[in-house]
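Biologist: I am new to this structure and would like a close look at its salt bridges. Please start from a single side chain and work outward, so that I can see where each piece belongs.

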Amino acid sequence: MPSQPSKDLETFDNPQPGRDYTIRIRVPEFTCLCPKTGQPDFATLYLDYVPRERCVELKSLKLYVWAFRDQGAFHEKVTNEILNDLVAATDPNFMRLTAEFNVRGGVYTTVVAEHRHPDWQPPMPVTLP
């Protein structure tokens with residue numbers, strides 16, 4: 001098999017480091033295992049971030065997400081772990097990870113975790129007439 005799961009997140013230089021802009025990534029095929037039953041948990045991950053100096057490379061993100069397929073983790077733990085790893089790799093101005101897990105036993109779970117760089121101030125919203 002040419003690709004293998006990997007916990008290595010690659011980055012590249014932000015092409016516009018002097019401008020605040022938002023990158024939005026949707027990962028509709030996230031899978032991990034329930035730590036209680038061992039059954040698969042499926043989620044869609046929504047990643048929104050304002051980069052500083054580095055952006056996450058998408059193929060490495062795909063392989064990184066794949067690495068969770070056989071890992072048991074509670075929804076709250078895995079969401080925060082992924083956010084922590086992405087923040088460590090990219091050091092963004094702002095990053096939000098929303099994990100919408102599919103129904104399990106009649107219960108939907110959505111976990112939202114955020115990081116804000118202490119030196120960053122969000123731009124003022126623009127209201128057009």
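## Salt bridges, sheet and inner space

Modeller: Lys7 is a good place to begin: in this predicted model, Lys7 is partly exposed, with a relative accessible area of 38%. The side chain of Lys7 meets that of Glu81 in a salt bridge, with a distance of 3.4 Å from N to O. This pair ties together distant parts of the chain, since Glu81 sits in helix H2, residues 75-90, whereas Lys7 lies in the segment before strand E1 (11-13), and the two are 74 residues apart.

Glu81 has another partner as well, for Lys77 forms a salt bridge with Glu81 in which the closest N and O atoms are 3.3 Å apart. Because Lys77 and Glu81 are four residues apart in helix H2, about one helical turn separates them. Lys77, like the lysine we started from, counts as partly exposed, here at 49% relative accessibility. Taken together, Lys7, Lys77 and Glu81 are linked in a network of salt bridges.

That network belongs to a wider set, as a search of the whole structure finds six salt bridges. Another of interest joins the side chains of Asp48 and Arg24, at 3.2 Å from N to O. This pair, too, links distant parts of the chain, with Asp48 in strand E3 (residues 40-50) and Arg24 in strand E2 (residues 23-33), 24 residues apart. The surroundings of the two partners can be told from their accessibility: Asp48 counts as buried at 17% because that value is under the 20% cut-off, whereas Arg24 counts as exposed at 67% because that value is over 50%. As a background to these values, buried residues make up 39% of the 129 residues in the protein chain.

The strands that hold Asp48 and Arg24 lead us to the sheet. In the protein chain, which has two helices and six strands, the elements run β-β-β-β-α-α-β-β from the N terminus on. Four of the strands form an open sheet in the order E2-E3-E5-E6, with antiparallel pairing. E2 and strand E6 (107-116) stand at the edges, each with a single partner strand, so one side of each has no neighbour in the sheet. Direction ignored, neighbouring strands of this sheet are turned by 15° against each other on average.

Within that sheet, E2 and E3 pair in the antiparallel sense over nine bridges, and among the contacts in this pairing, Cys32 has Asp41 in E3 as its bridge partner. Towards the other edge, nine bridges also join strand E5 (residues 94-104) to E6, and these two run antiparallel. Here Met95 stands opposite His115 in E6. The hairpin of E5 and E6 has two residues between the strands, and in this hairpin Gly105 takes a positive phi near 60°.

E2, E3 and H2 return when we turn to the enclosed space. The count comes to one cavity of 30 Å³ or more, and the largest cavity has a volume of about 60 Å³. Its lining is made up of Ile25, Val27, Leu45, Tyr46, Leu47, Leu61, Val65, Ile82, Leu86 and Leu97. The elements that give two or more residues to this lining are E2, E3, helix H1 (58-66) and H2, and E3 gives the most, with three residues. By type, the lining of the largest cavity divides into 10 nonpolar residues, with no polar and no charged ones.

The open space has a lining of another make-up. About 290 Å³ of space lies in the largest pocket, which is lined by 14 residues, of which Val27, Glu29, Lys62, Val65 and Trp66 lie nearest its centre. The elements that give two or more residues to the pocket lining are E2 and H1. This lining divides into eight nonpolar, two polar and four charged residues. Val27 and Val65, which line the largest cavity, are also among the residues nearest the centre of the largest pocket.

To place all this in the overall frame, the C-alpha trace of the protein chain spans about 50 × 40 × 25 Å along its principal axes.

Technical notes
Residues numbered from 1 in each chain as written. Predicted model: local features only at pLDDT ≥ 70, side-chain atom pairs only at ≥ 80, totals over all residues. Heavy atoms only, no water. Salt bridge = Lys/Arg side-chain N within 4 Å of Asp/Glu carboxyl O. Buried < 20%, exposed > 50% of the residue type's maximum accessible area, 1.4 Å probe, protein only. 1 Å grid on protein atoms, 1.4 Å probe; cavity = no way out; pocket = protein on both sides within 12 Å on 5 of 7 lines; lining within 4 Å. Points joined across faces, edges and corners; volume = space filled by probe spheres on them. Nonpolar A, V, L, I, M, F, W, Y, C, P; charged D, E, K, R; others polar. Pairing = 2+ DSSP bridges. Axes fitted to C-alpha atoms, helices over the stretch in contact; angles between N-to-C directions.
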